[in-house]
Amino acid sequence: MIHIILPFENAPEYFHFWAHEEEQIDFRKDLEKAKRCTLSYAAEELETYLNLIGLETKISEGEGDVTILLDSHTGDAEGFTIEKEGTTLRIFGDGRTGGLYGAYELLEAQGIRWYSPWEKEFVPDNVSELTIPECKKYQFSMHLSRGFEFEGPLKESEQLYVWMARNRLNLSAYRSNTAKLQKKLGLIFTMCGHFFHEVLDPKKRMPSGNTLLEDHPDWYGISGKKLDYDNALSVQICTSNMGVLDYMADELIEFINGAWYDVDRIGLYGIDTWGGLCHCEECQKIGNGTDHALRILSHIRSRVDRALAEGKIDHNVIFKTCAYEGTTTLEPPVNGIPENLKCSGDYVIYAPILRCYDHKLSDESCSHNKIYKETFEGWKGILLSVGEYYYVSRHEDLPFIFPTRMKEDMKYFAEQGAVGTSYLHIPMMEWGVRTLNQTVFSALCRDVNANVEQIKKKYFTDLYGKFAAEAEKAYDLAEQASFLCASWRQWCGKSIISNLMCWDGKPSGQPLYRDDHLGDDAVAIGRNTVKLFEQARDILRKCKKQADLDYAAKGNFKCGIPLNPTDISFKQEPAWVSERLAQDIRGLNYGMCVYTLMTDFLEYHDCLVKGENTDELWESLQQHAEKSMESTFAVKYRHPAVEIVCIDHLGRSGLKDLYYRCLAYRNSL
């Protein structure tokens, strides 16, 4: 019998209650209750899963055959220590979050895995004795941040947040319905990002009755154009103007005391327009775009520190800014890091949005990544995180996976001093093959030297059983199909999708732009990408047929009508392997559809340029487009609206408007 001992009197009687009393706790102020809640939840997880694998376990006040002492300091620190002496195992967290993470480290050592929030966990059979993890002090490679940049208030799920904690991910978003649960799990709330857009909206009405632009035209950057509502935010603000800096600080302090009171970290990114800097004489003296951004951040940090000292706010907040082309801040500052930012806890997110996944980020031979290697390695003197784009909006649920690049790049990030990483934006359903992204990403966040090949081997064995080898082949094909995704799907003028979206559907004077990664072989590469997805799908289809037969052969069926939605007496065990394979297949079918459409449009455009007969090609393209409008894959979250919509494949690909433009031209002939 395994006994788990908590440092609270009467824990065996009350730990189940304490584990779920988060709604009654102020996690910022009630540190002892917060600790008791999180550690009781950790003990509950241990008891549940150790019993599930066959190791009889209970919460006790006395020792057993094996005794687990679970304790921590108060606070939210994440590190933990595992020690063993005789038959006693001690898990001690640097804070309550560390205690929870230590419990999950122990469960993971037993072979238990949580691969997806919405699928069954993997639990091994016939475990005869407790496996002890390595006894040492545990700290994470990416201790500053490990998680996701959420977008849209409907991206909220209790299952997702529990999955994040079980995989020791910590960066989330404040969501009112689940905020207390998230705090119990040790998650860190991050908020906002492009803050300037909201507070400096030129049409915003002021107490004077005028718009912000009418009252303060001098706050907006000079661009050489006549200032109006349409272009006021086309360049960064006039950073040399102290009035606008004070206004932004005042607005931010109001947010900290109001709508963002529970937020731990606030993003202060510049105006995301890919515009330049203010051209006024004083702004030109400040330095490059990053010097401007750090000047703003430094001023706001000073004002917030002063407000904290004066009691105008009752808690500190960490700020993050970005190194990002869209806000002219990719390069490191030419005038150094302001002194008050060096030890403030504030940090920079380096965001290589136009990076190539056909090459590792540090590959200076890559025309896409060369600039990122040069600029990233110049960042020193401030905490640094990396903001990746494994599921940015341009991907639109395409089945892209990046385990090889994650393995190479995460280690490189750490070598260059990064202590955090996150990515845009966590998919909220139908992970399919992308489940491997989350598995590898979370493991490397904890330890950038983790053995990815071993992680993948266990992943395929756990999720696919006897189909593991075939599933791995299919995933390898899907990864090959993903490598050139940036050349096809970047949100910039140098990708296939962006140029197709700008095409009017009529013959133009020259072939559609393609970068040096595609070149003259773009159509052939597009067709081959479809073939790779198709080969992966066909492998998994064969597996699914057999998995269905295996499930049916068990004959463990239950028949009947539930009395109400909570009556699960007739619910039988789902066909987990078949369901996983079906989800993978749906994603791969969607990938085939989108790449077929993009390649069809590319070839059609270039044939029009050459004056070739396009009737047969158009007929094929039209059939593909019409078929794609008869299928849907997943919902789309409308940001910032609190709304979701269901979109067909053609709309999700970003090519529906082009289809109708082309159709209009064909009908005009």
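**View 1. A nonpolar patch on the surface of the predicted model.** Three residues make this patch: Leu-154, Val-642 and Ile-644. Together they form a nonpolar surface of about 260 Å². Find Val-642 by its place in the chain. Val-642 sits in a loop, with strand S15 (632-638) on one side and strand S16 (643-648) on the other.

**View 2. A close-up of Val-642, a residue of the patch.** Is Val-642 buried or exposed? Val-642 counts as exposed because its relative accessible area is 62%, and exposed means over 50%. Its loop links strands S15 and S16. Its partners in the nonpolar patch are Leu-154 and Ile-644.

**View 3. The largest pocket.** This pocket holds about 1200 Å³ of space. How many residues line the largest pocket? The lining has 32 residues. Look for the five that lie nearest the centre: Glu-151, Cys-192, His-194, His-425 and His-639.

**View 4. Elements and residue classes in the lining of the largest pocket.** Strand S9 (188-193) and helix H6 (195-199) each give at least two residues to this lining. Which element supplies the largest share? Strand S9 does, with 4 residues. Now sort the lining by class. There are 18 nonpolar residues, 9 polar ones and 5 charged ones.

**View 5. The largest cavity.** The whole structure has 3 cavities of 30 Å³ or more. The largest cavity contains about 110 Å³ of space. Its lining is made of 16 residues. Nearest the centre are Phe-196, Gln-236, Gly-270, Ala-293 and Ile-296. Helix H10 (residues 289-309) contributes the most to this lining, with 4 residues. What classes of residue line the largest cavity? The lining has 7 nonpolar and 9 polar residues, and no charged residues.

**View 6. The second largest cavity.** The volume here is about 50 Å³. Trace the lining in groups along the chain. One group is Asp-397, Leu-398 and Pro-399. Another is Glu-430, Trp-431, Gly-432, Val-433 and Arg-434. Gln-583, Gly-587 and Phe-633 complete the lining. By class, this lining divides into 5 nonpolar, 3 polar and 3 charged residues. The lining of the largest cavity, by contrast, has no charged residues.

Methods. Residues are numbered from 1 along each chain as its sequence is written. This is a predicted model: local features need pLDDT of at least 70, side-chain atom pairs count only at pLDDT 80 or more; totals for chains, interfaces and linings use all residues. Side-chain values use heavy atoms; hydrogens and water are left out. On a 1 Å grid over the protein atoms alone, a cavity is a set of points where a 1.4 Å probe fits but cannot get out, and a pocket is an open set with protein on both sides within 12 Å along at least five of seven lines; lining residues have an atom within 4 Å of a point. Grid points are joined across faces, edges and corners, and a volume is the space filled by probe spheres set on the points. Ala, Val, Leu, Ile, Met, Phe, Trp, Tyr, Cys and Pro count as nonpolar, Asp, Glu, Lys and Arg as charged, and the others, Gly among them, as polar. Patches are made of residues with over 30% relative accessible area and no salt bridge: like charges are joined within 9 Å, nonpolar side chains (Val, Leu, Ile, Met, Phe, Trp, Tyr) within 5 Å. Accessible areas come from the Shrake-Rupley method with a 1.4 Å probe; for residues, only the protein chains shown count as cover. A salt bridge is a side-chain nitrogen of Lys or Arg within 4 Å of a carboxyl oxygen of Asp or Glu. Buried means under 20% relative accessible area, exposed over 50%, partly exposed in between (1.4 Å probe, protein chains only).
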